[in-house]
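Here are a few short exercises to work through with the model open in your viewer. Try each one before you read the solution.

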Amino acid sequence: MQKGNIGVSTENIFPIIKKYLYSDHEIFLRELISNAVDASQKLKTLASVGEFKGELGDMTIRVSLDEKKKTITISDRGVGMTAEEIEKYINQLAFSGANEFLEKYKKDAHAIIGHFGLGFYSSFMVSKKVDIITRSFREDAQAVKWSCDGNTEYTIEEIKKEDRGTDIVLHIDDENQSFVDKNEISRLLKKYCRFLPVEIAFGKETEWKDGKEVETDKDNVVNEVNPLWTQKPADLKDEDYKNFYRELYPMAEDPLFNIHLNVDYPFNLTGVLYFPKIKNNIEIQKNKIQLYCNQVYVTDSVEGIVPEFLTLLHGVLDSPDIPLNVSRSYLQSDSNVKKISSHITKKVADRLEEIFKSDRKTFEEKWDDLKLFIEYGMLTDEKFYDRAAKFALLKNTEGKCFTFEEYKDIIKTNQTDKDDNLVYLYSTNKDDQFTFIEAAKNKGYDVLLMDGHFDSHFINHLEQKFEKGRFVRVDSDVVEKLVPKEEQNELKLTPEQRENLTTVFSSQIPQVGKTHFLVTFEALGENDTPVMITQQEFMRRMKEMSALQGGGGMFYGEMPDSYNLVVNGNHPLVSRISETVENELGGKLKTINGRISSLDARKSELEAAKKDKKEEEVPQAEKEELEDVDKKISEQKGKKETLLTDYASGSKLVSQLIDLALLSNNMLKGEALNKFVKRSIDLI
Ligand SMILES: Nc1ncnc2c1ncn2[C@@H]1O[C@H](COP(=O)(O)OP(=O)(O)OP(=O)(O)O)[C@@H](O)[C@H]1O
């Protein structure tokens, strides 16, 4: 037996490996099995070029567990190693020197691990001792056993081993006994080794015999050596992709589409990505993509490798060019990763465009499920926006779909306003905004349905992108004003009539939560609605956005909801109210108005006199009179208000019109609704 020192110039290397390099101890199994796979594939390659002339035979890699001895053994029938090779590849560590390693390690431990062959040494994270029992494939090679107990000392001796290949025996240490467990090993194999290219067997398959579970002589193979993404797309059917999806996500609904990636220049990348049906709760849909490196599972957290919106996709990516075991910040700055990321974005867009072009019907049918993903992409990725603008759809309230270009043509004639802007009318709820949608349609307008999770953001985004176009919610104004044109009707009401009607209507609006109403007048047609409720586009959007961002104390979120109660000044019913007010209160109002105007006149005089004087020069009497005049003015105004309010509360017409307006906006609730029902019954 020989003894030696592992080529590390410092004693610290093992504690470092143990403690810091891999936060996840469980990856030791992945590392050792990958080495076994590499060794097996090397031998296959040698056989194919004629350098190995023997029989390859059964190449299965076997993992076995000895619960009594507390060992895990990984055995392969690959190239094996000679004593010299152990010296070179194991003893000298697989990197040029520990000093260099430690230098770099100080900077960023995670950034370098993938660049140095430390795979084998990860076994010391869980073992107090590791044996390598190996025999090279070369004829007459001498088998050797190497042992090391986790210090820098090892032993190596010649032994007898019939077969070529390597057994790695891990003597699991006390802290890691949880790995000495059949179920745990099965779990790890399933997680990391499920798609490795060489068969991996863990024990034997079992069957039930005479009420007992017994082992058969068939290997329990845990992996699939030719997973779908490694096969040629031409050889695969739709059903194969679906089956693979079900295998990856047994609980999920079938996906919408898939993309088979196969790139070999300027980097290597294969994989299959799926578009899942994305529900509104997007957070739980994220991070389902599994990342592999030559069929070895690495992670299911692809953040930083693919753009944010693509993390909504499901599936598998496999690339030997993505640096593994490295920190996120390192990944994000890696140029290969950047290239891969933009390549995937392009492929995804290409695939969607291809489906859109070749089968628009299916694309439209699936639009509702795709929309969230596409809008998310368009909002967050400039390049994706540019590509997706060709096939992203706008859907109207009748369920018809249009591309951006097509839609422009649809609305060009009717919905261009006086400043040459295209007005995109939209609704966020077909039922709630029904009356408004109907009114718009009657006017020959088209109304889009924008009821998706991202739509309020998306609308803002489109407005920035579209030249001369803006979005207006269908209930944000009276139909005449949605698309402002030059010619406007004239308002028949005089300023005085308007003032009276403002009090009449505002005094009768019931309290609806914290909502605030402002009475405004519009010159609409005689056949249009007499009274309606609208909400200013800007205000509503601000509130919606702050709700979406969830910023509790945000300025707009705190504002009360503010609506307009729009009175159609040209409607006969409104004229009738105005006339009744004049008939019934005309005389009294005239007297009050007369008093107010003479008081106002006096007030102006007093103020003019005061204007050029300093505060102390104004005679006390004048100051007192001014105060008195102010008081009287508000008294008169109060009287006027009481008169109008009294009239209004006795007028069934006023409250009925307000109720109807609230009703069309779904705002008649609680007490107000109750009163409305009672009044309606009275009318019957
Ligand atoms: N099962 C094995 N059969 C034959 N040779 C092996 C086996 N395991 C390891 N080796 C040899 O030891 C070397 C070092 O292995 P190690 O896992 O430390 O690094 P690596 O495989 O080169 O890199 P990494 O695992 O970090 O990707 C390998 O390159 C290989 O030559």
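**Exercise 1.** Find which residues Ile200 touches, leaving out residues up to four places away in sequence.

*Solution.* This is a predicted model, so what you're checking is computed geometry. Start with the isoleucines: Ile200 touches Ile33 and Ile61. Next come Val63, Val221 and Val222, which Ile200 also touches. Leu189, Cys193 and Asn223 complete the list for Ile200.

**Exercise 2.** Work out which residues touch the most other members of the largest nonpolar core, and which helix gives the most to this core.

*Solution.* The largest nonpolar core has 143 residues, and Ile33 and Ile200 touch the most other members. Now look at helix H2, residues 27-48: it gives the most to this core, with 9 residues. As background, nonpolar side chains in soluble globular proteins tend to be buried together.

**Exercise 3.** Decide how H17 lies relative to H21: parallel, antiparallel, perpendicular or oblique?

*Solution.* Take H17 (residues 495-506) and H21 (residues 620-650): they pack at about 55°, with axes 8 Å apart. Angles under 35 degrees would be roughly parallel and 65 to 115 roughly perpendicular, so H17 is oblique to H21. For handedness, H17 passes H21 in a right-handed crossing. At the contact, Asn500, Thr503 and Val504 of H17 meet Glu641, Leu644, Thr645, Tyr647 and Ala648 of H21. Sorted by class, that contact has 4 nonpolar, 3 polar and 1 charged residues.

**Exercise 4.** For the protein chain, find how many helices and strands there are, and what percentage of residues count as buried.

*Solution.* The secondary structure comes to 23 helices and 22 strands. Out of 684 residues, 33% count as buried.

Terms used: Residues are numbered from 1 along each chain as its sequence is written. This is a predicted model: local features need pLDDT of at least 70, side-chain atom pairs count only at pLDDT 80 or more; totals for chains, interfaces and linings use all residues. Axes are lines fitted to C-alpha atoms, for helices over the stretch in contact, and angles run from 0 to 180 degrees between N-to-C directions. Helices (H or I, at least four residues) and strands (E, at least two) are DSSP runs, numbered from the N terminus. Angles under 35 degrees count as roughly parallel, over 145 as roughly antiparallel, 65 to 115 as roughly perpendicular and the rest as oblique. A crossing is left-handed if the near helix is turned anticlockwise from the far one by less than a right angle, and right-handed if clockwise. Two residues are in contact if their C-beta atoms, placed from the backbone, lie within 7 Å. Ala, Val, Leu, Ile, Met, Phe, Trp, Tyr, Cys and Pro count as nonpolar, Asp, Glu, Lys and Arg as charged, and the others, Gly among them, as polar. A residue is buried if 20 or more other C-beta atoms lie within 10 Å of its own, exposed if 12 or fewer, and partly exposed in between; C-beta atoms are placed from the backbone. A nonpolar core is a set of buried Ala, Val, Leu, Ile, Met, Phe, Trp, Tyr and Cys residues joined through C-beta atoms within 7 Å.
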